[in-house]
Amino acid sequence: MIKQMRVKAILFFLVLVQQVDAQYCQSSTDLETLPGKQIDVAHFEWPQQKAHWLDGLGTTTNITAASAILTKIETLEKQSRANYNLKGCVLKTSFAGNIVPNIAGKYSLASYDLNLGCYEYICVKNKMMINSEYENVFRAYVNRYTEMENAFSFGDESYYYQTPKKYNAKFIALHDFIKIGDSKYINNAKGFYQDIPESTVKQGNRSIYMTRHWYFTKPGVLLFVPVTRKEYLEALLVYYEREALLIADKIKEIEKESAGMMKDPQKYPQLYENGKHNLVSRKAKYPDWQQRIATKRAIVQQALKENTANWLALPAIVKPKAETFSWKNSYGPNANDYVWVDTYNADTKADAQKTGSFTFSGFWDNKGGATLYQYNPEYFKGAEKNLVKPYMIELTYRYVKTTLGKSLVENFTENFDFDAIRNMLE
């Protein structure tokens with residue numbers, strides 16, 4: 001049976017190639033009205049490659065279950081084009097999958113995707129060919145969301161694992177907090193989010209990709225819940241510990257390197273002077289670091305101690321946009337005796353200069369701030385018993401503003417059975 005399917009797939013592809021080679025054209029425009037074709041998963045041309053798409057899911061049980069879900073989504077996409085006249089391209093589907101070690105450092109899930117690329121007919125030397133790349137593509141992501149923005153960035157990320165330098169995808173809480181823009185419809189709201197408004201793109205422009213996103217979650221429980229003020233402040237205290245560990249190690253590296261340069265001042269006087277300068281100038285990147293961290297810690301500890309439980313239970317609303325502040329720190333009497341200190345994740349330049357990254361100077365409730373979110377532990381109850389079960393699904397349609405791209409995405413938006421996707425999560 002498998003051998004027969006492979007033979008049919010190969011014959012189908014050979015016929016398709018013969019049809020392509022036989023078509024004369026003067027430009028790709030001549031090919032836009034030619035009937036389109038589809039190569040679904042069942043007829044994929046290279047069975048040997050297809051056999052390993054989902055190997056990352058580990059077990060035959062996981063692979064079979066994931067394949068069934070993805071095939072249902074593929075069928076729903078086909079059904080959305082029941083009255084659509086496909087022209088000028090070949091649609092081709094593939095699957096992929098792997099075990100996500102941790103979502104937000106807590107939950108292991110099987111994650112698997114569908115990719116439906118639109119390979120357009122192109123004219124090359126007066127012969128019709130199928131483009132080897134696609135611009136328009138439909139994708140489904142099961143048990144993961146793409147482009148989900150972590151609230152903060154971290155230099156030398158290895159220090160911010162739950163156990164420093166233990167590369168196991170488990171981080172301190174602050175690392176995993178999320179910012180969700182108001183335009184993204186999460187927690188099972190209806191509608192789609194589009195990253196670039198189509199009105200801003202000129203018709204026929206193939207260099208700008210626009211993507212529509214649909215997010216689906218289980219009914220009755222929220223996937224994301226707000227981070228409380230208390231959780232945020234406590235997370236800052238953990239961050240300060242890691243920041244101190246990181247800087248202490250950097251200082252040790254500077255001192256070790258400089259000491260190596262200063263071993264023999266009699267024999268290598270210039271190298272000795274360079275070592276002295278290296279020690280002072282590089283340590284100037286971390287001015288009064290111990291005192292600065294101690295000050296930040298005291299500010300947070302005071303906020304935790306002096307505010308009421310009700311105040312601490314409110315959502316943490318923070319600066320909506322991350323900024324980097326750079327300022328000069330002088331380390332000597334000469335005009336050029338200074339270094340630039342770059343500070344990330346500070347609310348103001350004054351905070352950056354005074355005490356550095358993640359200085360707490362209040363929440364942004366009345367200043368257009370962004371609410372911090374985190375994954376809801378209640379949402380993933382039972383995940384350890386069935387890793388492959390769908391817990392969240394994202395659909396995306398990336399397109400360019402051409403006749404074909406617009407017609408495909410609009411047909412999908414209007415005719416796809418989104419309720420059927422929601423039902424997969426119940």
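User: What makes you say that Lys92 lies over the face of Tyr119?

Analyst: Happy to explain! A Lys charge sits over a ring if NZ is within 6 Å of the ring centre and within 35 degrees of the ring normal (for Arg, CZ is used). Lys92 is at 5.1 Å from the ring centre of Tyr119 and lies over its face. Lys389 is likewise placed over the face of Tyr391, at 5.6 Å from the ring centre. This is a predicted model, in which local features need pLDDT of at least 70 and side-chain atom pairs count only at pLDDT 80 or more, while totals for chains, interfaces and linings use all residues. Residues are numbered from 1 along each chain as its sequence is written, and side-chain values use heavy atoms, leaving out hydrogens and water.

User: Why is the pair of Phe152 and Tyr232 called tilted?

Analyst: Rings of Phe, Tyr and Trp (its six-membered ring) pair if their centres lie within 6.5 Å; planes under 30 degrees apart are stacked, over 60 edge-to-face, and the rest tilted. That rule gives 36 aromatic pairs. For Phe152 and Tyr232 the centres are 6.5 Å apart and the planes are at 35°, so "tilted" is the right word. The two residues are 80 apart in the chain: Phe152 is in the loop between strand E6 (149-150) and helix H4 (173-176), and Tyr232 is in helix H5 (residues 229-261). Helices (H or I, at least four residues) and strands (E, at least two) are DSSP runs, numbered from the N terminus.

User: How do you know whether Phe154 is buried or exposed?

Analyst: Buried means under 20% relative accessible area, exposed over 50%, and partly exposed in between (1.4 Å probe, protein chains only). Phe154 has 13% relative accessibility, so it counts as buried. Tyr160, at 3%, is buried as well. Ile196, at 27%, therefore counts as partly exposed. One aromatic cluster has Phe152, Phe154, Tyr160 and Tyr232 among its members, and also includes Trp311.

User: What makes helix H3 agree with its expected span?

Analyst: The expected span is 1.5 Å times one less than the number of residues. For the 21 residues of H3 (residues 60-80) this gives 30 Å, and the end C-alpha atoms are 30 Å apart, so the two agree.

User: How do you know which side of H3 its buried residues line?

Analyst: The buried residues of H3 include Ala66, Ile69, Leu70 and Ile73. The arc is taken from the directions between the helix axis and the C-beta atoms. The buried residues fall within an arc of 155°, so they line one face of H3. On the other side, Thr60, Thr61, Thr64 and Gln79 are exposed. Contact means heavy atoms within 4.5 Å, and the cover over the buried residues of H3 includes strand E2 (89-103) and helix H10 (403-415).

User: And what makes the buried residues of H7 one face?

Analyst: In H7, Trp289, Arg292, Ile293, Lys296, Val300 and Ala303 are buried. Their arc is 100°, so they too line one face of the helix. They pack against H5, helix H8 (309-312), strand E12 (324-330) and helix H9 (349-354).

User: Why do E3 and E4 count as joined?

Analyst: Two strands pair if DSSP finds at least two bridges between them. Strand E3 (residues 107-124) and strand E4 (residues 127-130) are joined by four and run antiparallel. They form a hairpin with two residues between them, and Lys125 in the turn has a positive phi of about 55°.
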